[in-house]
Amino acid sequence: MSNESSPADPRTVFSALADIVYRGTNADEIYTAICVAATLLVPGCDHASLMLVRRGTPVTVAASDQIARTVDDIERATGEGPCLDALSSETAQIEPDFLTPSAWPALGRGVVTRTPVRGAMGFRLMLDNKKVGALNLFSDTPNRFDSAVADDAIVLTAFAAVTVSAIMNGEEADTLRVGLESNREIGKAIGLLMASHNVTDDQAFEMLRKTSQDMNVKIAALAQSVVAAHTRDLDA
């Protein structure tokens, strides 16, 4: 079912994600929560998955549902798709409609045959200048995904990147909490936006500022939300 009819409040969703991270929950639950959050936050997103590269192979470590896992399986089987290409691209990879001529024809045939998915987007996750994975979003509605929707997904992508980094580095919840509450998180958020969108620091700050206005939260709170801020920080 599409999330179009009842969009979630970003502050509520990020607060819930933060609670999961802070509880020290296992990685599988945290990764799954990020995927579910994508279906709540990103317009038109009906399914989502998270791929991480392990021993040179992209592995689906979490998904919002089986449909997302199936699309990932088809990508790996065909060796093509926006999610795989996102692993090596600085920009979001977007397929608006698998029913039309596509850059990934083999994937398109498999997806249309086996799933209700008609559009997809892939976003690269960068950690310490290394390409470690991708956040993958899928829509059952043709032509729902475009560059504007991709911009809406960037905050969640940055959140995912920082969270995956913390888990891979074995950071405890208390250590992660201290880092997330630091004012340096604004700089970290800007850096993530620069890497994800290939923009300057001034352009990244403007994106952060605009999103802050759209969400009606302070920039500092928004930057912290990118890396899982407390509810009290978001409501300050």
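Two strands count as paired when DSSP finds at least two bridges between them. Keep that in mind as you open this model, which is predicted.

**Stop 1: strand E1 and its partners**

Select strand E1, residues 47-54. On one side, E1 is joined to E5 by 6 bridges, and the two strands run antiparallel. To see one of these pairs, pick alanine 48 and look across to E5, where leucine 137 is its bridge partner. Now turn to E2, which also pairs with E1 in the antiparallel sense, over 6 bridges. Here, arginine 54 stands opposite threonine 57 of E2.

Follow the chain from E1 into E2 and you will trace a hairpin with 2 residues between the strands. Check the backbone at arginine 55 in that turn: its phi is positive, about 55°.

Is E1 mostly covered or mostly open? Mostly covered: 6 of its 8 residues are buried.

**Stop 2: leucine 50 and the largest core**

Stay on E1 and show leucine 50 with its surroundings. Beyond its neighbours within four places in sequence, leucine 50 is in contact with ten residues you can colour one by one: Tyr31, Cys35, Val59, Thr60, Val61, Ala62, Leu125, Ala134, Leu135 and Val164.

Next, widen the selection to the largest nonpolar core, which has 33 residues. Which of its members touch the most others? They are Leu17, Ile34, Leu50, Met121, Leu137 and Leu156. Two or more residues of this core come from each of helices H1 (10-22), H2 (27-41) and H6 (147-168), and from each of strands E1 (47-54), E2 (57-63), E4 (119-127) and E5 (130-139). A second core, separate from this one, has 17 residues, including Met51, Ile74, Cys83 and Val111.

In soluble globular proteins, nonpolar side chains tend to be buried together.

**Stop 3: helix H2**

Select H2 and measure from its first C-alpha to its last: its 15 residues reach 21 Å, close to the 21 Å expected at 1.5 Å a residue. Then colour its buried residues, which are Ile30, Tyr31, Ala33, Ile34, Cys35, Ala37, Ala38, Thr39 and Leu41.

**Stop 4: the salt bridge**

Finish at helix H3, residues 66-78. The structure holds 1 salt bridge, and you will find it between the side chains of aspartate 73 and arginine 76, at 2.8 Å from N to O. Because the two are 3 residues apart in H3, about one helical turn separates them. Are these residues buried, partly exposed or exposed? Aspartate 73 is partly exposed, at 37% relative accessible area, and arginine 76 also counts as partly exposed, at 28%.

How values were computed
Residues are numbered from 1 along each chain as its sequence is written. This is a predicted model: local features need pLDDT of at least 70, side-chain atom pairs count only at pLDDT 80 or more; totals for chains, interfaces and linings use all residues. Side-chain values use heavy atoms; hydrogens and water are left out. A nonpolar core is a set of buried Ala, Val, Leu, Ile, Met, Phe, Trp, Tyr and Cys residues joined through side-chain atoms within 4.5 Å. Buried means under 20% relative accessible area, exposed over 50%, partly exposed in between (1.4 Å probe, protein chains only). Helices (H or I, at least four residues) and strands (E, at least two) are DSSP runs, numbered from the N terminus. Contact means heavy atoms within 4.5 Å. The expected span of a helix is 1.5 Å times one less than its number of residues. A salt bridge is a side-chain nitrogen of Lys or Arg within 4 Å of a carboxyl oxygen of Asp or Glu.
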